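Student: I'm new to this one. Can you walk me through the aromatic rings?
Tutor: Sure, let's bring up the structure.

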Amino acid sequence: LTMGRVIRGQRKGAGGIFKSHTRTRKGAAKLRSLDYAERTGYIKGVVKEIIPAPGRGAPLARVHFRNPYKYKIVKENFIAAEGTYSGMFVYCGKKAQLKVGNVLPVGDMPEGTVVCNVEEKPGDRGSMARASGDYATIIAHNRETGRPRVRLPSGAKKSIMSNCRAVVGLVAGGGRIDKPMLKAGRAYHKYRVKRNCWPRVRGVAMNPVEHPFGGGNHQHIGHPSTVGQAQLLAQGAW
């Protein structure tokens with residue numbers, strides 16, 4: 001943009017009023033740090049409570065583990081798999097059983113297993129298939145390369161290392177988007193705990209000074225919207 005106002009997408013980069021609202025958040029949802037117990041055997045934890053997490057569609061499970069080396073309890077926030085309940089024992093590690101809620105390396109699960117909160121790289125503590133109702137499916141094991149192939153919620157297929165961990169089962173809280181919002185107040189409260197991203201004014205509804213799509217006697221962009229990403233960025237509209 002050579003002239004005109006700084007558009008919304010540019011303003012978001014600076015943070016300010018667009019920062020995420022984290023005051024009521026319950027903490028980052030991650031698997032256990034990868035340690036000797038998980039690499040070689042298993043470790044038992046107990047689900048103390050299932051907690052609703054503001055700004056997140058899926059509930060969290062607060063899991064307590066005994067520290068293997070010191071006299072203390074280690075508390076972790078797991079993304080709850082469907083069927084998890086308070087008081088349930090979960091087992092994490094290479095030798096754990098294939099049961100809903102347990103954490104195993106992807107290479108030790110059979111093909112067709114439904115998993116969630118999958119690690120992209122070993123030890124990153126879960127980064128894929130984490131939204132409510134989401135799951136990934138193990139579709140193939142390549143024994144030569146040692147890289148299983150998983151189908152992600154987007155439909156994309158990805159090869160990951162066999163020692164990447166995942167939770168057995170699908171994420172709880174599914175079917176959330178089946179119910180329509182019906183009124184603006186529900187959308188207001190949904191995004192209030194996330195960040196300032198609603199309501200969203202369309203670019204074509206703006207004035208020419210505010211957006212490359214703005215202005216004109218009819219609301220129209222004025223050129224094809226289905227062009228390559230490079231041309232779109234050159235124009236300054238995103």
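**Rings, pairs and charges**

Tutor: Start with Arg32. Its charged end sits over the ring of Phe65, 5.1 Å from the ring centre. Keep in mind that this is a predicted model.

Student: Which ring does the charged end of Lys44 sit over?
Tutor: The ring of Phe89. The charged end of Lys44 is 4.1 Å from the centre of that ring.

Student: Now ring against ring. How many aromatic pairs are there?
Tutor: The count is two, taking ring centres within 6.5 Å as a pair.

Student: How are the rings of Tyr42 and Tyr91 arranged?
Tutor: Edge-to-face. Their planes are at 75 degrees, and over 60 counts as edge-to-face. The ring centres are 5.7 Å apart.

Student: Where do Tyr42 and Tyr91 sit in the chain?
Tutor: Tyr42 is in the loop between helix 2 (36-40) and strand 1 (43-51). Tyr91 is in strand 4 (residues 89-92). They are 49 residues apart, so this pair links distant parts of the chain.

Student: What about exposure for Tyr42?
Tutor: Tyr42 is partly exposed, with a relative accessible area of 49%. Tyr91 is partly exposed too, at 27%.

Student: And the rings of Phe65 and Phe78, what kind of pair is that?
Tutor: Tilted, because their planes are at 45 degrees. The centres are 6.0 Å apart. Phe65 lies in strand 2 (residues 60-66) and Phe78 in strand 3 (residues 73-79). The two are 13 residues apart.

Student: Are Phe65 and Phe78 buried or exposed?
Tutor: Both are buried.

Technical notes:
Residues are numbered from 1 along each chain as its sequence is written. This is a predicted model: local features need pLDDT of at least 70, side-chain atom pairs count only at pLDDT 80 or more; totals for chains, interfaces and linings use all residues. Side-chain values use heavy atoms; hydrogens and water are left out. Rings of Phe, Tyr and Trp (its six-membered ring) pair if their centres lie within 6.5 Å; planes under 30 degrees apart count as stacked, over 60 as edge-to-face and the rest as tilted. Helices (H or I, at least four residues) and strands (E, at least two) are DSSP runs, numbered from the N terminus. Buried means under 20% relative accessible area, exposed over 50%, partly exposed in between (1.4 Å probe, protein chains only). A charge sits over a ring if NZ of Lys or CZ of Arg is within 6 Å of the ring centre and within 35 degrees of the ring normal.
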